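Could you walk me through this structure, stop by stop? I have it open in a viewer and would like to know what to select next and what is there.

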Protein chains: 2
Amino acid sequence: MTGFPKSVEFREEGPREGFQIERTIHPIEQRAELIDLLGETGVRRIVVGSFVSPKYVPQMADTAELFERIDRKPGVEYSAMWLNEKGFLNALAADRVHIDPMLIYYTSDAFCRRNNNCSMADMAERQKSWIELYRETGHAVASAGITTAFGCNFEGEIALSRVLDVVRTLMRQCDEAGIAVPTLVIADTMGWANPEAVRRMIAALRDLLPQGTRIGMHFHDTRGLGIANLYAALQMGIDLFDSAIGGLGGCPFSGYGDARAAGNIATEDSVFLCHELGIETGIDLEKLIDAARKAQEIMGTRLMSRVLHSGGLDRFRPRPATRSKAM
Amino acid sequence: MTGFPKSVEFREEGPREGFQIERTIHPIEQRAELIDLLGETGVRRIVVGSFVSPKYVPQMADTAELFERIDRKPGVEYSAMWLNEKGFLNALAADRVHIDPMLIYYTSDAFCRRNNNCSMADMAERQKSWIELYRETGHAVASAGITTAFGCNFEGEIALSRVLDVVRTLMRQCDEAGIAVPTLVIADTMGWANPEAVRRMIAALRDLLPQGTRIGMHFHDTRGLGIANLYAALQMGIDLFDSAIGGLGGCPFSGYGDARAAGNIATEDSVFLCHELGIETGIDLEKLIDAARKAQEIMGTRLMSRVLHSGGLDRFRPRPATRSKAM
């Protein structure tokens, strides 16, 4: 066991993951209001939306306009996602988007063909062009995401060895391009992870990656194990997580055709866990609950996170500032 | 770290914890149907209801009748709860109630006074009369529950040392009565536990208790840490848990006056975790999901458990029987 990190960084995915799966397009004013509330919480990065095809993802069609509306807070990175060159150029052209030059690798051939109409090997090869494009536009690759790293509904279990092979490809490409291996974000896209698989994955990645390479985890709470997976990753010293306010999001490939199958791990529940363990997040839980309430109001349905409904524990504690660590 | 148990026993609390907190009294036929579905799942104990005052808990007033209606499955214990001698005698008089002679200890004086109009010390003293009453009626004490063992909304954090003091009282009483220390069930009644506190608690109890004393955990998922607490307890080798189908239940003292604050850890999510870790439960997850659907139908509201909505993973696996352990 590596031991808990002293502090943890959460990247807020709610505005993107939460709204791109919705059947309706919620008013842009409401989404801007949610982002502004999130900006007050102390979270350091908010993924505002995606620069993707308005034909396929109409929910994200107004991302550029959303960037113009948000009330930027100092120290907060307002970032976005893109899937092709056009989207990236749109992000560059939009109003003060924090550019996170990312690479994306697949571990499931079936899922890759479905999403990208190419093999996972071809998709990995394409990342070389991204490295070049980022370089040409004056950006350094900051992160590399690995999708369905624990399992895929189309291919079943994803062997750890396959994930490691993909990481070796990334490392070779970085070496050839003369760049450092970026932050690696392991995504449990379809909710297959369990805490033991998380621990094994992290241990194997630490053995493989260059010393000091940061690892982040992107968990979905599809089958209720999200917070246990977070805890297992914390036990292994991981200090970077994606999460979504209120547990927004979901995966269209999970559940019984039920798009309301749970989404990302809820930011407020995750932050609560860290604080109870004595791990700093820089986030104000009460303000986070305010943002979760706004998210619930926008969605018009009871969200499935917990602390949103129950609140934290500090209001029952006489002197929260002096309580003993992790009790 | 002790290591996972080979198999785990879940005690199904849904019919009791889930319905006694409801504002309305759901038809007895529906509750009997739910219990019958639960009886098919492989779960070995179902807490059917409580023999308590119909004046204070009208939702449980028909518990004796419910026992007459259930379709008993071989190997399943249909048990009940009581809080005073009258309730116990009613349980004895009812139709084939599996008697679980239990003791109850408090760790919060304020909560004890509120519930029992006496101090926690007096309440502990009263357990001697229960030991006697059980003996007189030909029963051996089977379990001892410790309430609000991690924290209490009325008293704040409960120190581990106070829990250990209560356990010493129990041990002394057992010694004086010449009986073995029964199974100890540690209850996080108001949702204060975190996984590190769980690990510390179990380690300390193991040091204190006679070799071989079984420890069970009763977790509420009030603040989203329920499954992480379950995982932490499994890491420490605990093999007995209370849980509730669909995550039914709640605590009237938690939340923002919101009785729908999450209840017990959901049986289907908990069983899913165990199976993913390679731990046997003897429970059929698909049948459990059927029971969870019935619970949701009766409640008439979307339940907050996860596997109910997403399903398990075996349907995506080619040969679930031969898959490698805990992957």
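Start by selecting helix 9 of chain B, in this predicted model. Its buried residues are B:Gly226, B:Ile227, B:Ala228, B:Asn229, B:Leu230, B:Tyr231, B:Ala232, B:Ala233, B:Leu234 and B:Gln235. With 10 of the 10 residues of helix 9 of chain B buried, the helix is largely enclosed by the rest of the structure.

What covers these buried residues? Show the neighbours from both chains: the cover of helix 9 of chain B includes helix 8 (195-208) and helix 9 of chain A. From chain B itself, the cover includes helix 8 (195-208), strand 9 (215-218), strand 10 (240-243) and helix 10 (267-276). Step just past the end of the helix and you reach B:Gly237, which follows helix 9 of chain B and has a positive phi, near 85°.

**The meeting of the two helices**

Now add helix 9 of chain A to your selection. At what angle do the axes of helix 9 of chain A and helix 9 of chain B cross? The axes of these helices, residues 226-235 in each chain, cross at roughly 55° and come within 7 Å. The two helices are therefore oblique to each other, and helix 9 of chain A passes helix 9 of chain B in a right-handed crossing.

To see the contact, show side chains on both helices. From helix 9 of chain A come A:Ile227, A:Ala228, A:Tyr231, A:Ala232 and A:Gln235. They meet B:Ile227, B:Ala228, B:Tyr231, B:Ala232 and B:Gln235 in helix 9 of chain B. Colour the contact of helix 9 of chain A with helix 9 of chain B by class, and the residues divide into 8 nonpolar, 2 polar and no charged.

**The axis between the chains**

Zoom out to take in both chains. Chain B is superposed on chain A by a rotation of 180° with 0.0 Å of shift along the axis, and the RMSD is 0.0 Å. That is the relation of a two-fold axis. Where does chain B come nearest to this axis? Select B:Ala228: in chain B, its C-alpha is the nearest to the axis, at 2.0 Å. Both copies use the same surface, as 100% of the contact residues of chain B recur in chain A.

**Two stops in the interior of chain A**

Next, select A:Leu273, which sits in helix 10 (residues 267-276) of chain A. A:Leu273 is buried, with a relative accessible area of 0%. Which residues does A:Leu273 touch, leaving aside those up to four places away in sequence? In chain A they are A:Ile227, A:Leu230, A:Tyr231 and A:Leu234, and from chain B they are B:Pro195 and B:Leu225. Draw a distance from A:Leu273 to A:Leu230: these residues are 43 places apart along the chain, and their C-alpha atoms are separated by 9.0 Å.

Then go to A:Met190, in the loop between strand 8 (183-187) and helix 8 of chain A. A:Met190 is buried too, with a relative accessible area of 0%.

**A helix pair within chain A**

Select helix 6 (residues 120-136) and helix 7 (residues 160-177) of chain A, whose axes come within 11 Å and cross at roughly 30°. That makes helix 6 of chain A roughly parallel to helix 7 of chain A. On the helix 6 side, the contact residues include A:Met120, A:Ala124 and A:Lys128, while those of helix 7 include A:Arg162, A:Val166 and A:Thr169. By class, this contact of helix 6 of chain A with helix 7 of chain A has 5 nonpolar, 3 polar and 5 charged residues.

**Loops of chain B**

Finish with three loop residues. B:Asn117 lies in the loop between helix 5 (109-116) and helix 6 (120-136) of chain B. Its phi is positive, near 60°, in a residue other than glycine, and B:Asn117 is exposed, with a relative accessible area of 72%.

B:Thr148, in the loop between strand 5 (143-146) and strand 6 (151-152) of chain B, also has a positive phi, about 40°, although it is not a glycine. Is B:Thr148 buried or exposed? At 0% relative accessibility, B:Thr148 counts as buried.

Last comes B:Ala193, in the loop between strand 8 (183-187) and helix 8 of chain B. B:Ala193 counts as buried at 4% relative accessibility, and its contacts include B:Phe150, B:Phe219 and B:Asn229.

Definitions and conventions: Residues numbered from 1 in each chain as written. Chains lettered and ligands numbered in written order. Predicted model: local features only at pLDDT ≥ 70, side-chain atom pairs only at ≥ 80, totals over all residues. Heavy atoms only, no water. Least-squares fit on C-alpha atoms with pLDDT ≥ 70 in both. Contact = heavy atoms within 4.5 Å. Axes fitted to C-alpha atoms, helices over the stretch in contact; angles between N-to-C directions. Helix = DSSP H or I, 4+ residues; strand = E, 2+ residues; numbered from the N terminus. Parallel < 35°, antiparallel > 145°, perpendicular 65-115°, else oblique. Left-handed = near helix turned anticlockwise from the far one by under 90°. Nonpolar A, V, L, I, M, F, W, Y, C, P; charged D, E, K, R; others polar. Buried < 20%, exposed > 50% of the residue type's maximum accessible area, 1.4 Å probe, protein only.
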